[in-house]
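Okay, thanks for having me. I'd like to walk you through a model, starting with one odd backbone angle and then zooming out.

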Amino acid sequence: MKFITIDKKDWAKGIDKSRGTYQLFGPVTDINGCQIKALDADVQPEMEYTDSVLSAKSVLFPQSEKILVTSLNEADDDHHIMKRADGDYTPRAVIGIRPYDARAIQLVKMNFDTEDYRDPYWCDAYEATTFVGLAINKPGPLDFSTSTGTGPFSEDGLDILLADMDDKFLAKVLTPKGEAYAAACGFNTEADAKESQVLFDVMRKDAEKTISSSVETDKLKDKTILDLYEAPFWDDVAFSCINCGTCTYVCPTCWCFDIQDENKLKASSRFRNWDTCMSPLFTRHATGHNPRGEKTMRVRQRFMHKLKYFLDKYDSGIMCVGCGRCVKSCPVNIDIRQVCETMNNYEKKE
Ligand code: SF4
Ligand code: SF4
C-alpha cells in the first residue's frame, strides 16, 4: 500500500495514457442523468458527480449479455452444441466508482463466485477489472452507507481510492492491480504514507459526520425467518407498490436475471438479461402456477432477501450498501430504511 499525489493538471493526460492498456469505464452524464459507462476515446470520466443513476454493476453484469451460441446448421460438425459466447476480458478499469458501489460488488461476488459455483462470465469480467474509487467528500442526503458496513471512504473492493483535494487527487494504492493501473497512467509521485493516512482519516471523519441517514439492523439476526415472513405488516409495506422493478434495476446489489433464447436463421444465441423479483412473471412456473402470485409476496421477497435471508446466509451484514438509489427512484416513495426499521423492531405477539 502506498500513497501518490496526482496534480489535476496531469490527470487527463494520465487517463489517456492508460487507454493503451485498459478499456475505461466511468461516470458520464447523458440524457438519462449520470451513468457509469464505457468511455469513448475522447471522453474523460466526470470526477465531480454527486451520484449516478445506475451503479457500475453493468460493467461485470451487463443488462443483456450473450452467454451461449449454437449452430443450427447440420452441415457444421458442432451443430446443436452449445458453446460459450466470445467475450472481451481484456484489462478494464472503472474510474470514479463510489466506495459503496465497490462494496456492493463484493456482496454480489458472494453469489457469483462461490465454493460450489463460479459464474464464468461475471468472474472473468471481475478479474479483468481494476476499481479506481472516488471517495465521497460531501455525501448526499439519501446516503446511509455508514450504517450498512461501508461509508464515503470505504476501501472494500477497491484497488485505488482517490480523495479529491481541490487542485489534486491523493490516491491510496491498495492492491497490485491498483499499482499496475497507476503505472499505466504514469502517476508516480509518491506521498508520505503517514501524513497521507492522517489526511485520509480527517477527510473520512468529516465526510462521515455529515451523514445523518441510517438504518437499524442490530436486531434482525435474532428474528426467525418464519416470524418475519408471517408478520402482519407486509400488506401495508406493499400497498402502494406498482411492481415497476425500478428499485431492483438501480440497486447495485441486485443480481437476478432471466434467460432468453434467440434464433436467427441457422444460429441460436442464449442471453441473460436483468430481471426483477418484483415482476409477476419472475417466479411463474411453466405450469402456470406462481408461488409469488400476489404483489405482497413479491415485495416481501425483495426485503426478506436483502435484509434477512442474505444476512443469515453469509453473516456479512445486509444486502444493501446504503446508496439510497431505490429510495430516490421509487415512484411511490417506498423506503427501505423504514421497512428495515419495521423488520428490526418487529416482535411477534403471542
Ligand atoms: S420502485 Fe417502488 S413501486 Fe417500483 S417495484 Fe420498487 S418498491 Fe415497487
Ligand atoms: S437496496 Fe436501495 S439503498 Fe440499498 S443498495 Fe440497493 S438501491 Fe442502494
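**Odd angles, a sheet and two ligands**

Let's begin with His-80, which is exposed, because just 11 other C-beta atoms lie within 10 Å and the cut-off for exposed is 12 or fewer. Keep in mind that this is a predicted model. So what does the backbone do at His-80? Its phi is positive, near 60°, and His-80 is not a glycine. Why bring that up? Because most residues other than glycine have a negative phi. As for where you'll find it, His-80 sits in the loop that runs between strand 4 (64–71) and strand 5 (83–84).

There's another one like that. Leu-265 isn't a glycine either, and its phi is positive at about 50°. Look for Leu-265 in the loop between strand 11 (257–264) and strand 12 (267–274). Is Leu-265 buried or exposed? It counts as exposed, because it has 7 C-beta neighbours inside 10 Å.

Now, those strands belong together. Four strands make an open sheet, ordered 5-4-12-11, with antiparallel pairing. Strand 5 and strand 11 are the edges; each has a single partner strand, so one side of each has no neighbour in the sheet. And in the middle of that order, how many bridges join strand 4 to strand 12? Seven, with the two strands running antiparallel. If you want a residue to click on, try Val-69, which stands opposite Ser-269 in strand 12.

Okay, zooming out. In total the chain has twelve helices and twelve strands. For 350 residues, a compact globule would come out with a radius of gyration near 20 Å; this chain has 22 Å, so the two agree. The C-alpha atoms fill a box of roughly 65 × 65 × 40 Å along the principal axes. Of the 350 residues, 36% count as buried. On contacts: take the pairs at least 6 apart in sequence, and 72% of those contacts join residues at least 24 apart.

Next, domains. The domain assignment gives domain 1 as 2–65 + 80–209, and domain 2 as 220–256 + 275–345. Their C-alpha centres are 28 Å apart. Which residues make the contact? Domain 1 puts in 22 residues and domain 2 puts in 17. On the domain 1 side, helix 3 (residues 99–112) gives the most, with eight residues. That side of domain 1 breaks down into ten nonpolar, eight polar and four charged residues.

Last stop, the ligands. What surrounds ligand 1? The shell includes Cys-241, Cys-244, Cys-247 and Cys-330, along with Ile-242, Met-278, Pro-331 and Val-332, among others. By type, that shell has nine nonpolar residues, three polar and no charged.

Then there's ligand 2, with 13 residues around it. The closest are Cys-251, Cys-320, Cys-323, Arg-325 and Cys-326. Here the split is eight nonpolar, three polar and two charged. So if you're setting up charges, keep both shells on screen: no charged residues around ligand 1, two around ligand 2.

That's my tour. Happy to go back to any of it.

Conventions:
Residues are numbered from 1 along each chain as its sequence is written. Chains are lettered from A and ligands numbered from 1 in the order in which they are written. This is a predicted model: local features need pLDDT of at least 70, side-chain atom pairs count only at pLDDT 80 or more; totals for chains, interfaces and linings use all residues. A residue is near a molecule or strand if its C-beta atom, placed from the backbone, lies within 6 Å of it. Ala, Val, Leu, Ile, Met, Phe, Trp, Tyr, Cys and Pro count as nonpolar, Asp, Glu, Lys and Arg as charged, and the others, Gly among them, as polar. A residue is buried if 20 or more other C-beta atoms lie within 10 Å of its own, exposed if 12 or fewer, and partly exposed in between; C-beta atoms are placed from the backbone. The radius of gyration is taken over C-alpha atoms; the globule rule is 2.2 Å times the number of residues to the power 0.38. Two residues are in contact if their C-beta atoms, placed from the backbone, lie within 7 Å. Two strands pair if DSSP finds at least two bridges between them. Domain bounds come from an automatic or database domain assignment.
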